[in-house]
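The following paragraphs lead the reader through a protein model and the ligand that accompanies it. Please keep the structure in view while reading.

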Amino acid sequence: MTPSPVNVTVTGAAGQIGYALLFRIASGAMLGDVPVRLRLLEVPQAVAAAEGTAMELADSAFPLLAGVDVFDTPDAAFAGAQVALLVGARPRTSGMERADLLAANAGIFGPQGRAIGEHAADDIRVLVVGNPANTNAAIAAAHAPDVPRERFTAMTRLDHNRALAQLAAKLEVGTGRLARMSIWGNHSSTQVPDPSRVLLDGEPVGFDPAWVSDHFVPTVANRGAAIIQARGASSAASAASSAIDHVRDWVQGTRDGDWVSVALPSAGQYGVPDGLVSSFPAVSVDGEWQVVEGLELSDGVRRALDASVAELTAERDAVRALGISI
Ligand code: NAD
Ligand code: LMR
C-alpha cells in the first residue's frame, strides 16, 4: 500500500534558498522513498512567484510529489504540517551583522510559531533557516507552548558542512571519510567550530593548533560573509543542501559512529542556559535529537562557547525589549 504523503511546509518558497530546496525535497532527497505534499508560504507580493515555482515542480514530474499548494497565511500553510522549514526572512546583506536582522525578522517567527502550535500535526518537526536562526527558533518555540520545544531546531548544519569541506581539503580526502565534527553556539561569526574529535576513517586525526585557530576557525565562522561578498547575495544552494541533510538525518537517523551539529533548545547541557537555542553535537535516534553529552571542552572552546552564549543571551534580551515573548 502506498503510504500517505508527508506534509512539508516551506516558508519563503519564492526566495533563493526555496528555489534550491523544493526540487530536492520533491525528488526524495530529504525524506527518502515516501510521497510528499508541499505547502508553500509566501508574503502576498511573492505568491505569484511561488505559483511559478509550483508550476515548475509539476513540470518536473517527480514520482514522489503528491501535490503543491501555495498560501499567504501561516494558519493555512501549517495546517497538518509534519515537517516545517522556516526559510522566509530578510537575508543579511553586505556589512550587516545578524543582530541587525533581529528587529526585521523577530516579528515573523512569533505568528508562525503560534500557527504551528495551533494547526500543525502532532509529529511536527521544525527547522529554522531564516536568520538570526537560533533566536528565531526560540521565538517560534515560545509561541507554540503545546509543541515539545525540542521539535524546534535551527540550522548550523551549513557551518558543519563548511567545516568538513575545510578539513577534507586540508587532509586531501573526501568529506565522507570524516566524522564527528562539532559546531557549538550561535549560527553567527561567534560560532565555535571544534575539530578536536574529528575521525578519519574511524580513527582520531589531529590538526595543527595554529592552523585551527588562525585559518580553520575564522574561515568557517566567516564563510557566510565571504559568500555574500563574492556572490552579492547570501549562500543559497549550500544552505538548501544543508537543510536537506539536517531533516534527513533527523527523520532517518545519523550515520553509525558519527554525529552532526544541530541548534536546539538547551536543557542546560555544557552550561548553556536552559531554553537558549544553541548548536551542539547531536545524534538522531528514533527520530529525536540527543545532544552528545560528557565531552571535555578545551579551555579555548569553553571560552569561545561562553562568548557565543553571551551573544545568544543578548539577542534574547533584545527580542524581549521588542515586547516579543521568547
Ligand atoms: P530571499 O530574500 O531570496 O528569500 C526570502 C523569501 O522569504 C522571499 O521570497 C520573501 O518574500 C519570503 N518571506 C519574507 N517574509 C516572509 C514571511 N513572513 N512568510 C513567508 N515568506 C516570507 O532569501 P534567501 O537567500 O532565501 O534566505 C532566506 C533566509 O535564510 C535569510 O534569513 C538568510 O539570512 C537565511 N540563511 C540562513 C542560513 C543558515 O545557515 N542558517 C544560510 C543561508 C541563508
Ligand atoms: C550563511 O551562513 O551563509 C547565512 O547565514 C547567511 C549569512 O548572513 O551569513
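In this predicted model, the shell around ligand 1 draws on two domains: domain 1 (6-154) and domain 2 (157-313) each supply at least three residues. In total, 26 residues surround the ligand, and the closest are Q16, I17, E42, V129 and N131. By character, the residues of this shell divide into 13 nonpolar, 10 polar and three charged.

Where does ligand 1 sit? The ligand occupies the largest pocket. Two elements give two or more residues to the surrounding shell, namely the helices α1 (16-27) and α4 (102-119).

The polar contacts of the ligand may be followed next. Which backbone atoms lie at 2.9 Å, 3.3 Å and 3.5 Å from ligand 1? An oxygen atom of ligand 1 is placed 2.9 Å from a polar backbone atom of Q16, a residue that is also listed among the closest to the ligand. A nitrogen atom of ligand 1 is found 3.3 Å from a polar backbone atom of G12. For M155, a polar backbone atom is 3.5 Å from a nitrogen atom of the ligand. Taken alone, ligand 1 exposes 870 Å², and the protein buries 86% of that area.

Two features of the backbone also deserve attention. Most residues other than glycine have a negative phi, and most peptide bonds are trans. Against that background, the bond joining N131 and P132 is a cis peptide bond, with omega at about -5 degrees. N131 has already appeared as one of the closest residues to ligand 1. Its partner in the cis bond, P132, is found in the loop between β5 (125-128) and α5 (133-142).

The second feature concerns R180. This residue, which is not a glycine, has a positive phi, near 65 degrees. Where along the chain does R180 lie? R180 is located in the loop between β7 (178-179) and β8 (182-184).

Terms used:
Residues are numbered from 1 along each chain as its sequence is written. Chains are lettered from A and ligands numbered from 1 in the order in which they are written. This is a predicted model: local features need pLDDT of at least 70, side-chain atom pairs count only at pLDDT 80 or more; totals for chains, interfaces and linings use all residues. Side-chain values use heavy atoms; hydrogens and water are left out. A residue is near a molecule or strand if one of its heavy atoms lies within 4 Å of it. A polar contact is a pair of N or O atoms within 3.5 Å; within protein, one must be able to donate a hydrogen and the other to accept it, and residues adjacent in sequence count only if both atoms are side-chain atoms. Accessible areas come from the Shrake-Rupley method with a 1.4 Å probe; for residues, only the protein chains shown count as cover. On a 1 Å grid over the protein atoms alone, a cavity is a set of points where a 1.4 Å probe fits but cannot get out, and a pocket is an open set with protein on both sides within 12 Å along at least five of seven lines; lining residues have an atom within 4 Å of a point. A molecule sits in a cavity or pocket if more than half of its atoms lie within 2 Å of its grid points. Helices (H or I, at least four residues) and strands (E, at least two) are DSSP runs, numbered from the N terminus. Ala, Val, Leu, Ile, Met, Phe, Trp, Tyr, Cys and Pro count as nonpolar, Asp, Glu, Lys and Arg as charged, and the others, Gly among them, as polar. Domain bounds come from an automatic or database domain assignment.
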